[in-house]
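Q: I'm new to this structure and would like a close look at one small part of it. Please start with a single charged pair, then work outwards from there so I can see how it fits with the rest.

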Amino acid sequence: MTDPNDSPCQHAPGAVTCEECTGFLLDYVDGTLPAEQRERFEAHLGACPDCEVYLANYREATRLARASGRSDRDVGPPPVPRALVDAILAARKRQG
Amino acid sequence: MTPPTTTDDRHDAAESDLLARLRAGDDAAFAELVETHAGRLLALARRIVRSEADAEDVVQEAFLSAFKALSRFDGRSSLSTWLHRITVNAALMRQRRKAARPEAPIDTLLPQFEDGRHAAHPIPLAVVTDGEGERIERQEAFWHAMARLPQDFRDVIELRDIQGLDSKSAARELGISDALVRQRLHRARQALLTLLTPILGDSR
Ligand SMILES: [Zn+2]
């Protein structure tokens, strides 16, 4: 799952930049970030309000997308105007 | 309840039967396809384009492009997943045309860094309340943002976040690798954020 570019960096242990942190987000929210990287990510998060906000926003964007799909899965399909069905089928005949 | 595998198998069999009849040009099969899916697709289109007339046009356009593309539908995903994606694309194309909002190149929508730090402080998105008005406002903001994403990036949000497929199924549907789905999804979510911030950012 891990991007080869994200190999553990050699400098100061735990020193993750905001940019690297952002690169970890998808794996982090999916729970697939390896433990070692997760610890460094979380250490940075605790000390960086920017990344904390960014993570919350990233989750929110995902939640919004999910919510926009839920309305049609949960509430069954509404009735379709018969005229629309007929128009579509008639247009198919013209399409040939 | 029957176990999911049995339901799936029966569903698959019914679907390949329907597909075979569609490909043979069976009128009744087309009627069945439209009657089965039009309601859900109309509800979907209504949320994106907001006007009833536009929503109906979108559904009609979507079905007509699906009919034309039937020979290319390879059954990697279900007909329902496939039609959903065609409808979202048709609706967003119409919305984009109306609002004269072109797609933006993905690179311009990703966060910027300076020396590894955020170049600008991210603005928190407003906290959700339960009001119906707010819910609609957020949905509108979401679809506006979606309309500006390049198609490749929109597709992964559509399949993974909206339709709830896993990366592997989304990869199969799009004919790309699992890793590319994840890479695009990550960039697409960041781009969505950039587009949502001016509308939903807390400092508005
Ligand atoms: Zn940071």
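A: Let's start with B:Arg21 and B:Asp26, which pair up in a salt bridge whose closest N and O atoms are 3.3 Å apart. That term covers a side-chain nitrogen of Lys or Arg within 4 Å of a carboxyl oxygen of Asp or Glu. This is a predicted model, so local features need pLDDT of at least 70 and side-chain atom pairs count only at 80 or more, while totals for chains, interfaces and linings use all residues; side-chain values use heavy atoms, without hydrogens or water. Residues are numbered from 1 along each chain as its sequence is written, with chains lettered from A and ligands numbered from 1 in the order in which they are written.

How open is the pair? B:Asp26 counts as partly exposed because its relative accessibility is 25% (buried is under 20%, exposed over 50%, partly exposed in between, with a 1.4 Å probe and protein chains only). B:Arg21 is partly exposed too, with a relative accessible area of 25%. Elsewhere, salt bridges with shared partners tie A:Asp27, A:Asp30, B:Arg160 and B:Arg182 into one network.

B:Arg21 has another partner: B:Asp17 forms a salt bridge with it, the closest N and O atoms being 3.6 Å apart. B:Asp17 and B:Arg21 both sit in helix H1 (residues 4–23) of chain B, four residues apart, or about one turn of the helix (helices, H or I with at least four residues, and strands, E with at least two, are DSSP runs numbered from the N terminus). At 42% relative accessibility, B:Asp17 is partly exposed.

Now step across to the other chain. B:Asp27 meets A:Lys93 side chain to side chain in a salt bridge, 2.7 Å from N to O. B:Glu35 also reaches a residue of chain A, with a salt bridge to A:Arg82 at 2.9 Å between the closest N and O atoms. That pair runs from helix H2 (residues 27–49) of chain B to helix H4 (residues 82–95) of chain A. B:Glu35 is partly exposed at 40% relative accessibility, and A:Arg82 is partly exposed as well, with a relative accessible area of 45%. The rule finds seven salt bridges across the interface of chain A and chain B, and the structure holds 24 over all chains.

What about the interface as a whole? In it, 45 residues of chain A are in contact with 51 residues of chain B, where contact means heavy atoms within 4.5 Å. The two chains bury about 4300 Å² between them, 61% of it on carbon and sulfur atoms; that is the accessible area (1.4 Å probe) that two parts lose on being put together, summed over both. On the chain A side, A:Leu64, A:Ile88 and A:Arg92 lose the most area to chain B, together 14% of what that side buries.

A:Thr22 gives another view of the two chains. It is found in helix H1 of chain A and counts as buried because its relative accessible area is 4%. Leaving out residues up to four places away in sequence, A:Thr22 touches A:Tyr54 as well as B:Pro111, B:Phe113, B:His118, B:His186 and B:Gln190.

Chain A itself comes to four helices and zero strands. Buried residues make up 39% of its 96 residues. There's a zinc ion here too, with A:Cys18 (SG), A:His44 (NE2), A:Cys48 (SG) and A:Cys51 (SG) as its protein donors, 2.0 to 2.3 Å from it. Two of these donors, A:Cys18 in helix H1 (residues 18–30) and A:Cys48 in the loop between helix H2 (35–47) and helix H3 (49–74), link distant parts of chain A, 30 residues apart. Donors are N, O and S atoms within 2.8 Å of the metal (3.2 Å for Na, K and Ca), and sites may look incomplete because water is not among the atoms. Both A:Cys18 and A:Cys48 are buried.

Back in chain B, there are two domains, 1 (1–100) and 2 (106–204), with bounds from an automatic or database domain assignment. Their C-alpha centres lie 24 Å apart, and 15 residues from domain 1 and 19 residues from domain 2 make the contact. About 1600 Å² is buried between these domains, with carbon and sulfur atoms giving 50%. The rule finds two salt bridges across this domain interface. Chain B also holds a salt bridge between B:Arg85 and B:Asp155, with the closest N and O atoms 3.5 Å apart.
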